[in-house]
Amino acid sequence: MLICLFLAVSGCFAQDSYSRLPDNVRPIHYTLEIAIFTENLTTRGEVVIYLEITKPTDNITLHASEMLSVNGDRVRIRENDPPGWKDVAVLSQSLEPGPTEQYWIHLDRKLAKGSHVWLTVPFNGIIRKGK
C-alpha cells in the first residue's frame with residue numbers, strides 16, 4: 001500500500017483522484033524500506049529515489065498520502081557534481097491534501113537539466129484511519 005503513496009504508478013490511484021506529476025524530473029530507480037507495526041497499524045520507512053533532472057528546476061514533487069508523515073528535517077538531496085556528490089539544501093516542504101495528494105520539496109537553487117540526484121525521504125504512516 002505505501003509503495004503506491006510514493007511511486008507515481010497509474011494503477012495505484014483512482015482515476016478521479018489521480019493527478020500527473022510535473023515532468024521536470026524522471027525517476028530512474030527506487031529503493032523502499034518499510035517496517036509495518038501490526039499492533040498499532042503504523043509504518044516507518046524510507047524511500048530513496050535516483051532522479052534525472054529533465055528541465056532546470058528548484059522543486060521536486062511526489063505523490064504522498066495525508067496518512068503519511070514525512071520526517072522533513074531528515075529529507076536529503078545529493079547532486080552528482082563532479083568530482084563527487086554534493087548536498088542540496090531544502091528550503092521548504094509542503095503536502096497538499098485532497099485529490100492531488102502532492103508533496104513538494106523546494107530547493108535553495110535550480111538543478112541543471114541532465115544532472116542526477118539521490119532523494120532520500122524518511123516517513124511514518126498510518127495504515128488505517130479510525131476503526
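**Exercise 1. Identify the polar partner of the Thr42 side chain and place Thr42 in the fold.**

Solution. The side chain of Thr42 forms a polar contact with the side chain of Asn40, at 2.7 Å. A polar contact is a pair of N or O atoms within 3.5 Å; within protein, one must be able to donate a hydrogen and the other to accept it, and residues adjacent in sequence count only if both atoms are side-chain atoms. The model is predicted: local features need pLDDT of at least 70 and side-chain atom pairs count only at pLDDT 80 or more, while totals for chains, interfaces and linings use all residues. Residues are numbered from 1 along each chain as its sequence is written, and side-chain values use heavy atoms, with hydrogens and water left out.

Next, locate the residue: Thr42 belongs to strand S2, residues 42-53. Helices (H or I, at least four residues) and strands (E, at least two) are DSSP runs, numbered from the N terminus. Then list its contacts (heavy atoms within 4.5 Å). Leaving aside residues up to four places away in sequence, Thr42 touches Ala35, Ile36, Phe37, Gly125, Ile126 and Ile127. Of these positions, take Ile126: its C-alpha lies 4.5 Å from that of Thr42, although 84 residues separate the two in sequence.

**Exercise 2. Determine whether Asn24 is buried or exposed, and describe its surroundings.**

Solution. Asn24 sits in the loop between helix H1 (2-6) and strand S1 (25-37). Its relative accessible area is 11%, so Asn24 is buried. Buried means under 20% relative accessible area, exposed over 50%, and partly exposed in between (1.4 Å probe, protein chains only). The Asn24 side chain makes a polar contact of 2.6 Å with the side chain of Thr57. Thr57 is also among the residues that Asn24 touches, beyond four places in sequence, together with Glu52, Ile53, Thr54, Lys55 and Asn59.

**Exercise 3. Establish which strands stand at the edges of the sheet S3-S8-S7.**

Solution. The strand order S3-S8-S7 describes an open sheet of three strands with antiparallel pairing. Strand S3 (57-63) and strand S7 (90-96) each have a single partner strand, so one side of each lacks a neighbour in the sheet and both stand at the edges. On average, neighbouring strands here are turned by 20° against each other, direction ignored; axes are lines fitted to C-alpha atoms, for helices over the stretch in contact, and angles run from 0 to 180 degrees between N-to-C directions. Two strands pair if DSSP finds at least two bridges between them. Six bridges join S3 to strand S8 (residues 102-111), and Leu62 stands opposite Tyr103 in S8.

**Exercise 4. Characterise the aromatic pair of the structure.**

Solution. The structure holds one aromatic pair. Tyr50 and Trp118 form this tilted pair, with 4.5 Å centre to centre and 40° between the planes. Rings of Phe, Tyr and Trp (its six-membered ring) pair if their centres lie within 6.5 Å; planes under 30 degrees apart count as stacked, over 60 as edge-to-face and the rest as tilted. Since Tyr50 lies in strand S2 and Trp118 in strand S9 (residues 116-126), the pair ties together parts 68 residues apart in sequence. Tyr50 counts as buried at 18% relative accessibility, whereas Trp118, at 31%, is partly exposed.
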